[in-house]
Amino acid sequence: MKKLLKVPIKIKILVLIVILIISIIVLLSAMYIVMKLNDDMAKAEELTMQTAKTISYMPALHDYYNSYKLVNTLGNVVNQVKKIDNMEVFFQKRNGMIIASTDDEYTFGELTIEEHEKALIYGSSYVMQTVEEDKKVIKAVAPIMVDYGEYKKVEGAVIVLFEVNHLYEAIWEDIREILKVSVIILFLGIFAGYSLTNSIRKDTLNLEPYEIAAMFRERNAILHSVKEGILSIDEKGMITMVNTSAAQLLTLESGVEGRLVEEVISSEVMIEGLKSCKKQVNVEIQIDEKAIIMNTQPIIEAGKRIGTVASLRDRTEIKRMIDAISEVKQYSDDLRAQSHEFTNKLYAILGLLQLDKKEKAIEFINSEATLLKKEEKIIFTKIKDERVQAILLGKLGQASEKKIDFVIDKESSLEGLPDNLTLSSLIIILGNLISNAFDAVKENALKEVKFFVTDIGDEIIFEIQDNGTGIAEEMTQQLFEKGQSSKGKNRGYGLFNVQVEIESLNGVIEYSSDEHKGTIFTVYLPKEEGSKNGNH
Amino acid sequence: MNLIDFKFLIDNFKKTFTFIYSEFNINSEFNKIRGVDIVKKLVVFVLAVLILTACSSNSTSGNGEYPTKNIEVVAPASPGGGWDLTARSVQKILKDNSLVDNNINVINKPGGGGEVGWSYLHTKDSHYLAVNSSLLLTNHFLGQSKLTYEDFTPLATLATEWQAIAVSVDAPYENINDLFEDIKNDPASIKIGVGPGLGNDDHLSFVQAAGMRDVAAKDLNFLVYDGGGGDVVTALLGNHVNAVTTSLSEVKEQHIAGKLKILAVSSEDRLEELEDVPTLKEEGIDMVFPHWRGIMGPPDMTEEEIKYWDEKLGEMVKSEEWAELLTNNDWDDFYQNSSDTKAFFDEQAELYKDLIGESGLVQ
């Protein structure tokens with residue numbers, strides 16, 4: 001079966017055409033033969049009958065009976081009727097004896113004379129199809145009704161035979177003509193089929209239909225395997241294609257193809273974007289709490305939009321990628337800061353040693369060590385979570401480089417964080433808030449940032465305090481909005497991200513600000529997922 | 001068809017049509033899968049149309065209002081013959097006794113031994129009738145006609161004449177068997193007069209009788225007289241022929257007058273007015289040969305129409321005028337209603353087939 005399917009379209013069409021034409025020719029010829037044969041048979045019967053009757057009325061024949069049966073007279077009659085094409089004429093006496101015939105070669109031998117009795121006894125004339133000497137014939141019988149003046153008497157019968165073969169020959173002649181024309185038509189058909197297939201092949205880039213089908217299936221597989229959601233609509237907004245990812249992203253049931261986009265998609269922004277004649281780049285749309293980024297490509301033909309293809313990406317995925325990058329960046333920054341700090345200190349020690357001020361050097365090393373130890377001790381003793389430890393250590397280095405006094409509150413305590421609180425969340429929340437605090441104290445003479453954490457009770461509370469200039473009155477409105485920053489362009493995602501992250505953890509963020517004393521950010525995170533509603 | 005039926009059919013038609021329409025349009029993409037369904041619906045549709053047309057065609061004929069126009073009685077012969085007389089008598093008696101309200105006309109369609117008139121009737125509606133006789137059957141058996149009695153609706157057999165075989169008074173035959181004895185010995189020497197043509201009842205009755213006496217039909221020496229019965233009798237009286245076969249009415253008077261001798265009649269029993277003439281049966285030739293005439297309609301007449309004529313013609317043959325007609329023409333009452341006539345035709349068809357078959361005609 002598969003092999004049959006792979007027959008080139010050219011052969012398929014040619015075979016079809018040839019079969020069609022041949023069957024039409026056969027059918028029409030058969031119909032023609034049947035109709036013509038019936039028609040001709042009827043005509044031949046009529047003609048044979050007419051001939052028999054006409055001969056039976058021939059005055060010369062009647063003269064034969066009236067003038068004492070001179071054989072000569074009958075001979076004349078026979079000679080006259082000999083000229084009739086394809087017919088043999090017999091003259092029969094009442095007792096059945098054939099007295100004369102045109103059948104000189106004796107083709108029909110002994111006639112079945114019983115068939116003539118209807119004429120001889122009842123004087124009826126009739127025609128029939130019968131067989132004489134194994135030849136199919138039309139036989140017409142007419143009585144010779146001789147008029148003797150007062151009365152008439154049946155003296156014999158005229159029998160006319162017409163061989164049916166003659167009809168077949170005539171029909172065969174016609175069929176030969178039909179066949180000649182048919183062959184021409186057949187060749188025309190083959191030529192037309194050939195041209196048609198060539199034209200089709202031209203349109204299909206010389207691809208066979210099964211190849212096109214294979215490509216189509218391949219394209220479908222590709223579309224469905226792509227991670228990006230792809231959706232296409234036609235000019236009326238009818239969905240023509242949705243791949244698996246798009247269906248997942250938009251939470252569409254199967255079988256939305258063929259439906260209007262308005263029926264299945266709720267987001268008006270998306271519909272507007274899809275129906276726009278302009279290419280849309282990175283449009284953010286919100287569908288069922290899912291942030292999706294859409295890019296569209298309208299298909300324009302002759303200045304008219306005949307369809308649109310849209311690619312869809314889940315923004316949460318992009319965010320995860322950004323987070324991962326920022327995490328790595330933060331670590332490398334912190335490490336760089338720490339190594340820089342150590343290099344500086346090493347230089348200081350090197351200088352003291354070169355100046356031969358051994359005591360000073362020892363004193364410096366001691367003070368540095370205790371200072372580090374003091375902060376580290378708090379970190380390692382009070383805070384049990386390694387992730388928070390790591391973040392705080394990194395920030396300590398950063399603060400040291402920036403000459404900021406980063407103090408971990410002695411009263412801090414943290415036993416361990418719930419699993420849903422991931423490292424990236426912590427980096428986003430703590431990293432951003434601490435960095436912001438560092439930025440806030442940048443201009444101060446006395447740079448002080450305090451960090452406090454506690455997990456007493458149902459919540460984990462982080463508190464970051466700085467002694468910066470506080471938050472300006474006019475900024476408070478949009479503090480957590482995207483793109484709002486006092487730090488310049490392309491910034492301002494910090495607090496927005498922090499808030500999104502905290503909300504996703506069912507937490508709350510609060511702040512209090514004093515124009516000159518500084519700002520305190522307090523984050524409340526529930527310990528368990530179960531206590532989601534506790535803080536709202 | 002009444003209005004409710006019609007409305008029902010129209011509704012049905014509409015429903016089917018709308019259904020098919022919707023199938024084709026709305027579900028066009030599922031055509032392949034639902035192809036079978038569509039074929040089903042199409043069949044239903046075609047059936048609905050058929051029922052509709054069938055009902056409407058019934059409505060033209062099935063309303064019981066028959067006849068709705070003039071009745072035409074076809075006499076398949078020229079005016080003056082037995083068929084013409086029968087047709088005109090039927091016309092007159094039905095009208096005079098007010099049996100039929102509609103006008104009745106007689107149309108003469110002569111030719112082909114009835115063939116022309118009957119072919120004409122075959123194409124007409126049920127308001128056309130035609131007079132018939134045994135020629136309706138024999139024409140077909142003799143190869144003269146394609147039409148058979150089964151192509152028509154028999155309505156009634158009306159009357160019959162009887163056949164007679166007569167010889168001249170001084171012929172040496174005491175009875176019919178003497179005649180056949182002579183024929184047997186020398187067929188050519190006995191000339192038998194018949195008219196107006198071969199293959200009629202006069203001819204066939206003699207052939208049948210001869211056959212029963214083992215005389216082959218082809219040996220019989222028939223002289224055909226165009227003028228019919230009258231000429232035949234003249235030929236007998238002039239001793240041009242040795243015997244004649246003809247209708248009883250042609251020879252009855254001459255027999256009574258002693259100018260010729262009727263050897264036998266083809267009736268069942270001896271006839272009242274000819275008590276001295278034996279029947280063929282009595283002479284040991286076991287046959288009864290009526291020369292009947294009847295009336296028939298075109299093919300496919302309805303039950304109601306047949307019943308109508310059974311009533312009317314049944315009434316007609318009881319009338320005095322009809323009795324008078326029979327007496328005047330030496331006909332015997334031979335009335336059979338439509339169903340009896342049908343059976344009679346079947347029986348006659350067998351008889352003629354055998355008869356013509358015996359003479360070697362039907363192969």
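Helix axes here are lines fitted to C-alpha atoms over the stretch in contact, and angles run from 0 to 180 degrees between N-to-C directions. The model is predicted.

**Helix pairs**

In chain A, helix α11 (residues 315-354) packs against α13(A) with the axes 8 Å apart and an angle of about 50° between them. An angle that is neither under 35 degrees, nor over 145, nor from 65 to 115 counts as oblique, and α11(A) and α13(A) are therefore oblique to each other. The crossing of α11(A) past α13(A) is left-handed. On the α11(A) side, the contact is made by Gln330(A), Tyr331(A), Asp334(A), Ala337(A), Gln338(A), His340(A) and Glu341(A). Helix α13(A) contributes Gly394(A), Gly397(A), Gln398(A), Ser400(A) and Glu401(A). By class, this contact has 7 polar, 3 charged and 2 nonpolar residues.

In chain B, helix α8 (residues 229-237) and helix α9 (residues 248-256) pack at about 35°, and their axes are 9 Å apart. The crossing of α8(B) and α9(B) is right-handed. Gly229(B), Gly230(B) and Val233(B) of α8(B) meet Glu250(B), Val251(B) and Gln254(B) of α9(B). The residues of this contact divide into 3 polar, 2 nonpolar and 1 charged.

The two packing geometries are set out below.

| Helix pair | Angle | Axis separation |
|---|---|---|
| α11(A) and α13(A) | about 50° | 8 Å |
| α8(B) and α9(B) | about 35° | 9 Å |

**The sheet of chain A**

An open sheet of 5 strands in chain A has the order β11-β12-β13-β15-β14, with mixed pairing. The edges are β11 (405-408) and β14 (508-514) of chain A; each has a single partner strand, so one side of each is left without a neighbour in the sheet. From one strand to the next, the twist averages 10°.

At one edge, β11(A) pairs with β12(A) in the parallel sense over 4 bridges. Within that pair, Phe406(A) stands opposite Val449(A) of β12(A). Phe406(A) also belongs, with Ile408(A), to the covered face of β11(A), whereas Asp405(A) and Val407(A) form the uncovered one.

At the other edge, β14(A) runs antiparallel to β15 (residues 518-526) of chain A, and 7 bridges join the two strands. Tyr511(A) has Phe521(A) in β15(A) as its bridge partner.

Two helices of chain A lie against these strands. Helix α13 (residues 386-401) packs on the sheet and touches β11 and β12 (448-454) of chain A. The direction of α13(A) makes about 155° with that of β11(A). Helix α14 (residues 423-440) of chain A lies across β12, β13 (459-466) and β15 of chain A, and runs at about 20° to β13(A). Helix α13(A) thus has contacts with the sheet and with α11(A).

**Chain B and the contact between chains**

Chain B has 12 helices and 10 strands. Of its 363 residues, 38% are buried. Among the contacts in chain B with a separation of 6 or more, residues 24 or more positions apart account for 75%.

How many residues does each chain bring to the contact between A and B? Chain A gives 16 residues and chain B gives 18 residues. On the side of chain B that touches chain A, 8 residues are nonpolar, 8 are polar and 2 are charged.

Methods
Residues numbered from 1 in each chain as written. Chains lettered and ligands numbered in written order. Predicted model: local features only at pLDDT ≥ 70, side-chain atom pairs only at ≥ 80, totals over all residues. Contact = placed C-beta atoms within 7 Å. Nonpolar A, V, L, I, M, F, W, Y, C, P; charged D, E, K, R; others polar. Pairing = 2+ DSSP bridges. Left-handed = near helix turned anticlockwise from the far one by under 90°. Buried ≥ 20, exposed ≤ 12 C-beta atoms within 10 Å, placed from the backbone.
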